[in-house]
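Reader: I'd like to walk through this one with you, piece by piece. Could you take my questions as they come?

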Amino acid sequence: MKSDIEIAREADIKPIETIAADLGIDGAALEPYGHSKAKIDLAYIDQLKERPDGKLILVTAMTPTPAGEGKTTTTVGLGDAMRRLGKNTAICLREPSLGPCFGMKGGAAGGGFAQIIPMEDINLHFTGDFHAISAAHNLLSAMIDNHIYWGNALQIDARRVSWKRVVDMNDRALRDIVASLGGVANGFPRQTGFDITVASEIMAILCL
């Protein structure tokens with residue numbers, strides 16, 4: 001049996017425009033990221049108002065394990081099966097975090113012949129949204145420290161700042177740290193830490 005990555009690399013990847021056309025999506029609504037990935041303009045949703053609602057199948061699990069439970073693999077396999085039966089089918093998956101990708105799980109794009117491709121792109125960076133969320137979140141973190149340094153007009157208690165910085169990977173050395181060491185020019189030392197990007201409030205806002 002071939003490995004997941006061998007299967008993914010041997011797959012014949014269709015251009016994203018071809019996949020969009022097969023789903024009835026106008027190419028003008030696409031925002032391409034290379035040849036095999038694209039976002040869809042939000043304005044395109046307005047063009048679907050007259051279409052009847054489709055049917056939704058939700059795949060979930062309640063017993064997480066370090067290696068995953070198989071939600072993505074089941075979802076992709078189910079989508080493939082329904083397409084084989086002639087149904088107009090699309091699947092919706094969340095973007096993987098680098099945390100599980102670099103842990104025991106090793107990836108979150110499905111497995112075997114029931115996976116999404118390009119697997120490496122999806123697992124590692126995809127369209128860059130996680131990086132943008134991390135940067136936006138950490139900018140707010142820097143603004144808090146900068147405000148405290150330049151007079152603290154809002155009287156923020158540095159001992160009670162709960163807004164941590166974020167990074168999209170598991171790094172236990174960064175969970176609890178002391179920031180602003182190195183002298184007066186670097187601000188007021190305080191205990192803080194890093195959360196994983198998917199736990200960011202900015203991520204929650206994006207999802208909403």
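Author: Happy to, and keep in mind that this is a predicted model. A good place to begin is the count between domain 1 and domain 2, which is 1 salt bridge.

Reader: Which side chains meet in that salt bridge?

Author: The chain is split into domain 1, covering 4–123, and domain 2, covering 129–207. The N to O distance in the salt bridge is 2.8 Å, and the cut-off for calling it one is 4 Å. The two side chains belong to Asp129 and Lys39.

Reader: And how many residue pairs are in polar contact between domain 1 and domain 2?

Author: For this count, both residues need pLDDT of 80 or more. With that condition, the number of residue pairs in polar contact between the two domains is 3.

Reader: Which element gives the largest share of the side of domain 1 that touches domain 2?

Author: By class, that side of domain 1 has 3 nonpolar, 2 polar and 2 charged residues. The largest share, 3 residues, comes from residues 98–101, which form helix H4.

Reader: What area do domain 1 and domain 2 bury between them?

Author: The size of an interface is often given as the accessible area lost when the parts come together. Here 51% of the buried area is on carbon and sulfur atoms. The total between domain 1 and domain 2 is about 540 Å².

Reader: How far apart do the C-alpha centres of the two domains lie?

Author: The centres are those of domain 1 and domain 2, taken over C-alpha atoms. They lie 33 Å apart. The contact itself takes 7 residues from domain 1 and 7 residues from domain 2.

Reader: Let's look at Ser97: is it buried or exposed?

Author: Ser97 sits in the loop between H3 and H4. Leaving out residues up to four places away in sequence, Ser97 touches Phe130, Asp168, Ile196 and Val198. Its relative accessible area is 7%, and the cut-off is under 20%, so Ser97 counts as buried.

Reader: Which side chain does the side chain of Ser97 make a polar contact with?

Author: Asp168 is one of the residues Ser97 touches. The polar contact has a distance of 2.7 Å, and the partner is the side chain of Asp168.

Reader: Last one: which backbone nitrogen does the side chain of Asp41 reach?

Author: Asp41 lies in the loop between strand S2 (38–40) and helix H3 (71–84). With 44% relative accessibility, Asp41 is partly exposed. At 2.9 Å, its side chain reaches the backbone nitrogen of Ala43.

Definitions and conventions:
Residues are numbered from 1 along each chain as its sequence is written. This is a predicted model: local features need pLDDT of at least 70, side-chain atom pairs count only at pLDDT 80 or more; totals for chains, interfaces and linings use all residues. Side-chain values use heavy atoms; hydrogens and water are left out. Domain bounds come from an automatic or database domain assignment. Contact means heavy atoms within 4.5 Å. Buried area is the accessible area (1.4 Å probe) that two parts lose on being put together, summed over both. A polar contact is a pair of N or O atoms within 3.5 Å; within protein, one must be able to donate a hydrogen and the other to accept it, and residues adjacent in sequence count only if both atoms are side-chain atoms. Helices (H or I, at least four residues) and strands (E, at least two) are DSSP runs, numbered from the N terminus. Ala, Val, Leu, Ile, Met, Phe, Trp, Tyr, Cys and Pro count as nonpolar, Asp, Glu, Lys and Arg as charged, and the others, Gly among them, as polar. Buried means under 20% relative accessible area, exposed over 50%, partly exposed in between (1.4 Å probe, protein chains only).
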